[in-house]
Amino acid sequence: MLQVNISLPSGRSEKLSLPESSKVGDLRTLAQKAFRQGFLRLVMSDGRLLADPQESLQTAGIQEGDTLAAFALQARVAATKKLCRNITGAFALWCQGCDRILTWGHQQNGGDSSAV
């Protein structure tokens with residue numbers, strides 16, 4: 001097991017343990033649960049952003065006892081209005097600083113972002 005310290009700018013920190021074979025996404029998910037934050041960005045002590053969730057912790061250079069910073073990302077939601085009785089709108093969720101937009105709802109009103 002690998003132990004890593006994660007700290008928020010507020011000073012709150014958590015010591016997290018996870019298998020050495022884990023990926024960056026596993027660490028981020030564990031940190032999000034520990035801090036009860038839906039969206040976190042993890043940064044190494046040298047300032048390098050851990051952006052690829054599929055990257056292994058070993059490849060990322062994370063070692064036993066390392067301390068990483070975690071920054072909460074603010075989520076924004078947008079919606080289209082209900083057009084008529086049978087056609088509903090759509091919603092989009094975007095986190096500032098994140099590279100993904102999640103959409104759901106009626107496909108013709110923006111609920112399908114697969115082409116973006």
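These questions and answers walk through a predicted model of one chain.

Reader: Which pattern does the chain follow, read along the sequence?
Author: The model is predicted. The chain has 2 helices and 7 strands. Along the sequence, their pattern reads β-β-α-β-α-β-β-β-β.

Reader: In what order do the 4 strands of the open sheet stand?
Author: Pairing in this sheet is mixed. E2 and E3 are the edge strands, and each pairs on one side only. From one strand to the next, the twist averages 35°. The order is E2-E1-E4-E3.

Reader: In what sense do E1 and E4 pair, parallel or antiparallel?
Author: E1 covers residues 2–7 and E4 covers 67–72. Serine 7 stands opposite alanine 69 in E4. The two strands pair over 3 bridges, and the sense is parallel.

Reader: How far apart are the end C-alpha atoms of helix H1?
Author: H1 holds 12 residues, 24–35. At 1.5 Å a residue, the helix should span 16 Å. The model agrees, because the end C-alpha atoms are apart by 16 Å.

Reader: Which residues of H1 are buried?
Author: Buried here means under 20% relative accessible area. Six names meet that cut-off in H1. They are Val24, Gly25, Leu27, Ala31, Gln32 and Phe35.

Reader: Why do the buried residues of H1 line one face of the helix?
Author: Look down the axis of H1. The buried residues line one face because they fall within an arc of 160°.

Reader: What covers the buried residues of H1?
Author: H1 lies across E1, E2, E3 and E4. Those strands belong to the open sheet. The cover includes strands E1, E2, E3 and E4, and also helix H2 (57–60).

Reader: At about what angle does H1 run to E2?
Author: E2 spans residues 13–18. E2 is one of the edge strands of the sheet. H1 crosses the strands, running to E2 at about 135°.

Reader: Which residue just after H1 takes a positive phi?
Author: H1 takes in residues 24–35. Just after the helix, phi is positive, about 55°. The residue is arginine 36.

Reader: What share of the contacts with a separation of 6 or more comes from residues 24 or more positions apart?
Author: The chain has 116 residues, and 27% count as buried. For contacts with a separation of 6 or more, residues 24 or more positions apart account for 40%.

Reader: How much of the accessible surface belongs to carbon and sulfur atoms?
Author: The chain's accessible surface comes to about 7600 Å². The part belonging to carbon and sulfur atoms is 49%.

Note on methods. Residues are numbered from 1 along each chain as its sequence is written. This is a predicted model: local features need pLDDT of at least 70, side-chain atom pairs count only at pLDDT 80 or more; totals for chains, interfaces and linings use all residues. Side-chain values use heavy atoms; hydrogens and water are left out. The expected span of a helix is 1.5 Å times one less than its number of residues. Buried means under 20% relative accessible area, exposed over 50%, partly exposed in between (1.4 Å probe, protein chains only). The arc is that of the directions from the helix axis to the C-beta atoms. Contact means heavy atoms within 4.5 Å. Two strands pair if DSSP finds at least two bridges between them. Axes are lines fitted to C-alpha atoms, for helices over the stretch in contact, and angles run from 0 to 180 degrees between N-to-C directions. Accessible areas come from the Shrake-Rupley method with a 1.4 Å probe; for residues, only the protein chains shown count as cover.
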